[in-house]
Amino acid sequence: MGPPDRGLQPARGDQAMTPTPITLTVNGEQRTFTGDPASSLLRFLRDQCGDTTTKDGCSPQAACGACAVELNGKVVLSCVIPMKKVAGGNVTTPAGLDQTPVGEALTDAFAARGGAQCAFCIPGIAVRAANLIKSNPDPSEQDIRLALNQHLCRCTGYQKIIESIQTAAESLRTGNPVPRPDQSARVGARREKYNIRPAILGKRPYV
Ligand code: FES
Ligand code: FES
């Protein structure tokens, strides 16, 4: 007698395991992920949630800070956070700061102070700054430099970024709006950089 005919039934162990769904909250919306639990939070945000406000500068090297998001109240580099670590988590991306008081203050301050040049690094820095201001409403230059130690900016030399974060913090503390730069066309006027505002929280798409 030959071996029993198993027909089309796969042998035990042949069947691909269906990944357990992972649920999390992204910017207040519940999301479900069913792919490889070792894949990164950054890939999930950009490829599955379509949230390109979280930038990919070096993934998965954790070397530039462009992919920073807040996870359960702490800033993390999403390119090295596997999905299995975010089950039940609460994530805020740069898009989640849009139309919030801190997001608006940071946008006004970076635009007014010239803190964003190409702005590729700024959305991640905005997430970091918002998190810092929450626990430290009046951060010193040293506090900000320490907070930014995982962030690279190739354009600004950091000083204008620091001034922008302090300006945003002051506006939030005092309730006074960030002063707008001189928008006149006179010679020597320091105008806001063209179309910089959408870039500050990452809404301007990059390749
Ligand atoms: S993309 Fe994550 S640190 Fe650069
Ligand atoms: S503004 Fe260009 S990398 Fe920071």
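Student: Which residues is S171 in contact with, leaving aside its neighbours within four places in sequence?

Tutor: In this predicted model, S171 is in contact with A105, N176, P177 and V178. Contact means heavy atoms within 4.5 Å. S171 itself lies in helix α5; helices (H or I, at least four residues) and strands (E, at least two) are DSSP runs, numbered from the N terminus.

Student: Why is S171 called buried?

Tutor: Buried means under 20% relative accessible area, exposed means over 50%, and partly exposed lies in between (1.4 Å probe, protein chains only). The relative accessible area of S171 is 13%, which is under 20%, so S171 counts as buried.

Student: On what basis are such values given?

Tutor: Residues are numbered from 1 along each chain as its sequence is written, while chains are lettered from A and ligands numbered from 1 in the order in which they are written. Because the model is predicted, local features need pLDDT of at least 70 and side-chain atom pairs count only at pLDDT 80 or more, whereas totals for chains, interfaces and linings use all residues; side-chain values use heavy atoms, with hydrogens and water left out.

Student: What makes α3 oblique to α5?

Tutor: Two packed helices are described by the angle between their axes and the distance between the axes. The axes of α3 (residues 122-135) and α5 (residues 159-174) come within 11 Å and cross at roughly 45°. Axes are lines fitted to C-alpha atoms, for helices over the stretch in contact, and angles run from 0 to 180 degrees between N-to-C directions. Angles under 35 degrees count as roughly parallel, over 145 as roughly antiparallel, 65 to 115 as roughly perpendicular and the rest as oblique. An angle of roughly 45° belongs to the rest, and therefore α3 is oblique to α5.

Student: Which hand does the crossing of α3 and α5 have, and which residues make the contact?

Tutor: The crossing is right-handed: the near helix is turned clockwise from the far one by less than a right angle, whereas anticlockwise would be left-handed. The contact is made by I122, I125, A129 and I133 of α3, together with I161, I165, A169 and L172 of α5.

Student: How many nonpolar, polar and charged residues does that contact have?

Tutor: The contact of α3 with α5 has eight nonpolar, no polar and no charged residues. Here Ala, Val, Leu, Ile, Met, Phe, Trp, Tyr, Cys and Pro count as nonpolar, Asp, Glu, Lys and Arg as charged, and the others, Gly among them, as polar.

Student: Why are α2 and α3 described as oblique to each other?

Tutor: The axes of α2 and α3 come within 10 Å and cross at roughly 125°. That angle falls outside the ranges for roughly parallel, antiparallel and perpendicular, so the pair is oblique. The crossing of α2 with α3 is right-handed. Its contact is made by V102, L106 and F110 of α2 and I122, I125, A126, A129 and A130 of α3.

Student: What makes A119 and N195 worth noting in their loops?

Tutor: Most residues other than glycine have a negative phi, and most peptide bonds are trans. A119, in the loop between α2 (101-113) and α3, has a positive phi of about 75°. N195, in the loop between α5 and α6 (197-200), has a positive phi of about 55°.

Student: How do you know whether A119 and N195 are buried or exposed?

Tutor: A119 has a relative accessible area of 2%, which is under 20%, so A119 is buried. N195 has 39%, which lies between 20% and 50%, so N195 is partly exposed.

Student: Where is the cis peptide bond that ends at P60, and what touches P60?

Tutor: The bond from S59 to P60 is cis, with omega near 0°, and P60 is found in the loop between α1 (41-48) and β3 (68-71). V80, in the loop between β4 (74-77) and β5, touches P60 and A62, not counting residues up to four places away in sequence.

Student: Why is the protein called more spread out than a compact globule?

Tutor: The radius of gyration is taken over C-alpha atoms, and the globule rule is 2.2 Å times the number of residues to the power 0.38. For 207 residues the rule gives 17 Å, whereas the protein has 22 Å, so it is more spread out than a compact globule. Its C-alpha atoms fill a box of roughly 95 × 35 × 25 Å along the principal axes. The protein has six helices and five strands, and 42% of its residues count as buried.
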